[in-house]
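Here's a quick briefing for anyone meeting this structure for the first time. Take a look at the picture, then read on.

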Amino acid sequence: MSTAAVSAASATCSKSNIARGIGRLTDLVFTSGKGSYVQTTCGQSLLDFTTGIGVVNTGHCHPRVIAAAKAQCDNIIHSQVNIGYHDKKLELTETLMPLLPKNLDTIFYGTTGAEAVENSIKMARAYTRKHGVVVFRGGYHGRTFGTMAMTVSVFLLCVALMSDECVS
């Protein structure tokens, strides 16, 4: 059996063990990526129009991103933010502060879009002392309970939940 066939067979078995909380456009299995292209276990090279959506906007495996990640891994891989400060985060904060409008003096760092959305609501509620939130019909806000509650599109909510009971 070829390497691709073994990979495809193990991927089929493994796929059934992954939670269905994320909708997928295809059942293809990707093995690598370079620039705007991804390679599959079938040997196809495909143009990736998303290149990781917002997180890989430099393309897959950009040499400068790889070099920076390798350099960081030589120092510290994870510095828990509620334990202490991370030197690179402090350096980034010093770089960003002069770029903010004069009346803004605080930066919030989050790890996901849903976290950013939920925290922006917390900050807006604290500032305005109002509890209502306006959302756009058809907008996608994330997969957490808070952000799903703001998703008024039945189709997008069903995709987020991957529910068999949903109909579009």
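How many helices and strands make up the secondary structure of the chain? The count comes to 6 helices and 3 strands. Keep in mind as you read that this is a predicted model.

**Overall layout**
- If you walk along the sequence, you'll meet the elements in the pattern α-β-β-β-α-α-α-α-α.
- The chain has 168 residues, and 15% of them count as buried.
- About 13,300 Å² of the chain is exposed, with carbon and sulfur atoms supplying 62% of that area.
- Take the contacts between residues at least 6 apart in sequence: 24% of them join residues at least 24 apart.

**The sheet**
- The 3 strands form an open sheet, ordered E1-E2-E3, with antiparallel pairing.
- Strand E1 (30–34) and strand E3 (45–47) sit at the edges, so to speak: each one pairs on one side only.
- On average, neighbouring strands in this sheet are turned by 30 degrees against each other, ignoring direction.
- Strand E2 covers residues 37–40 and pairs with E3 in the antiparallel sense, over 3 bridges.
- For a concrete example, look at Tyr37, whose bridge partner in E3 is Leu47.

**Cysteines and disulfides**
- A disulfide is a covalent bond that links the sulfur atoms of two cysteines.
- Searching the whole structure turns up 0 disulfides.
- Is Cys42 buried or exposed? Cys42 counts as exposed because its relative accessibility is 58%, and the cut-off for exposed is over 50%.
- Cys73, on the other hand, is partly exposed, with a relative accessible area of 47%.

Key: Residues numbered from 1 in each chain as written. Predicted model: local features only at pLDDT ≥ 70, side-chain atom pairs only at ≥ 80, totals over all residues. Heavy atoms only, no water. Helix = DSSP H or I, 4+ residues; strand = E, 2+ residues; numbered from the N terminus. Buried < 20%, exposed > 50% of the residue type's maximum accessible area, 1.4 Å probe, protein only. Contact = heavy atoms within 4.5 Å. Areas by Shrake-Rupley, 256 points an atom, 1.4 Å probe, with all protein chains shown as cover. Disulfide = S-S within 2.5 Å. Pairing = 2+ DSSP bridges. Axes fitted to C-alpha atoms, helices over the stretch in contact; angles between N-to-C directions.
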